[in-house]
Amino acid sequence: MGRFGPTHRKIPVPKRHGVRDPLKRLAEKEASIKDKINNPPKEHDVQEVSNRFKRFMALTKEVNQPRQRFKQKKEMPKLRIGNTVVEKRHRESEESFLLRASKVQHDREVEADFGAKFGVEVEHDDTTGVIRVIKRKGIEVDGMLQKVSDKKAGKSNKRKLKAIDTAKAKKAMIIEKKQKTLEKQREEEDLLLREYQYERVPFGEVVKEPPTLHTLPRRAVRDGVPRPGSKGLLLSSLLEPTQTEEPDDPVPKKTPKKKTTEAKLDLKGKRKKLPVATRMKIEREQQSVIEMYRQLKKKPKQ
């Protein structure tokens, strides 16, 4: 023995149990490989898929369909107030939770006082939020409720009477306005009838002068309003002197033969189909009108 333990370290060596039976070993080996070699197919015409491919397909399914992680819901603290259960919400502080619970408790106290006063039980449905009022047995509440309803009805009757009075006053105002408008229309109609009255003259009566009309007819000429067709045109200033000069020089009357020839001329259609004399005459008139219009346009510029 040395100072700090044994000087020679012992190396671990597997134990020798002697030589194993070779036939036994072969039998064990064949049993392990029994499903892998000399395994004919179950059906003659069907080739089965390899196990490696089966594993590959299973892995692809797992990748495509991710695992659903089931989170364990934490049990939140609860408070029971009468028949209702107040549960703490997610991420709600303790102060807000206690305030909410105190409000629910105050509401239940008010409902209990109301039930004791009127002999009624108030029931709550936490899932739907429906409130039901059930009458207690052995207590007559109809008289109390009737009194309360009578008081409310008295107030509502006063409001209804006020509303009826205001509606009546509005209706009367509308009727008065309608009557005034009808009276105005009647007065206007009477005036029109007075203006357009028919005088019945008996047979044999002598009339010295025609009747005097105070109103003008519908299409009468008024001062300052030009009638259609009587408006002064641009060329009227040039055409007026020629018209005034014409009566000074007496024009000889044309023979009826010329009138017949002029009347027979047909100026419709194309100009090239007309006779030469009429065509020249039309062109000269057209040129003279154009020159007159140009002169008229130049005047304001000068």
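# Exercises on a predicted model

By the distance rule used here, a side-chain nitrogen of Lys or Arg within 4 Å of a carboxyl oxygen of Asp or Glu, the protein has 3 salt bridges. The structure is a predicted model.

## Exercise 1. Salt bridges

Find the partners of R20, R100 and R108, and state how accessible the residues in these pairs are where a value is given.

Solution.

Step 1. R20 pairs with E28, and their closest N and O atoms lie 3.5 Å apart. R20 is exposed at 53% relative accessible area, while E28 is partly exposed at 42%.

Step 2. R100 pairs with E92 at an N to O distance of 3.1 Å. E92 has a relative accessible area of 14%, which places E92 among the buried residues, since buried means under 20%.

Step 3. R108 pairs with E111, with 3.7 Å between the closest N and O atoms. R108 is partly exposed, at 23% relative accessibility.

Step 4. Consider the spacing of the last pair. R108 and E111 are 3 residues apart in helix α3, so about one helical turn separates them. An α-helix has 3.6 residues a turn, so residues three or four places apart point the same way.

## Exercise 2. Two helices

For α3 and α2, set the end-to-end span against the expected value, then list or count the buried residues.

Solution.

Step 1. Helix α3 covers residues 94-118, which is 25 residues. From the first C-alpha to the last, α3 reaches 36 Å, close to the expected 36 Å at 1.5 Å a residue.

Step 2. The buried residues of α3 are F97, A101, V104, G115 and F118. After α3 comes G119, with a positive phi near 65 degrees.

Step 3. Helix α2 has 14 residues and reaches 20 Å between its first and last C-alpha, close to the 20 Å expected.

Step 4. The count of buried residues in α2 is 0, and the helix is hardly covered.

## Exercise 3. Surface patches

Identify the residues of the nonpolar patch and of the negative patch, and place one residue of each in a helix.

Solution.

Step 1. V49, F53, F56 and M57 make a nonpolar surface patch of about 370 Å².

Step 2. M57 belongs to helix α2, residues 51-64. M57 is partly exposed at 36% relative accessibility, and patch residues need over 30%.

Step 3. The negative patch on the surface gathers E183, E187, E188, E189 and D190.

Step 4. E183 sits in helix α4, residues 142-195. Its relative accessible area of 48% makes E183 partly exposed.

## Exercise 4. A backbone angle

Which sign does the phi of R91 have, and where in the fold is R91 found?

Solution.

Step 1. The phi of R91 is positive, near 60 degrees, and R91 is not a glycine.

Step 2. Most residues other than glycine have a negative phi.

Step 3. R91 lies in the loop between β2 (84-87) and α3. R91 is exposed, with 79% relative accessibility.

## Exercise 5. The whole chain

How many helices and strands are there, in what order do they come, and what share of the residues is buried?

Solution.

Step 1. The protein has 7 helices and 4 strands.

Step 2. Along the sequence they follow the pattern α-α-β-β-α-β-β-α-α-α-α.

Step 3. Of the 302 residues in the protein, 6% are buried.

Technical notes:
Residues numbered from 1 in each chain as written. Predicted model: local features only at pLDDT ≥ 70, side-chain atom pairs only at ≥ 80, totals over all residues. Heavy atoms only, no water. Patch = residues over 30% accessible without salt bridge, like charges linked within 9 Å, V, L, I, M, F, W, Y side chains within 5 Å. Areas by Shrake-Rupley, 256 points an atom, 1.4 Å probe, with all protein chains shown as cover. Lys, Arg positive; Asp, Glu negative; His and termini not counted. Charge placed at Lys NZ, Arg CZ, Asp CG, Glu CD. Buried < 20%, exposed > 50% of the residue type's maximum accessible area, 1.4 Å probe, protein only. Expected span 1.5 Å × (residues − 1).
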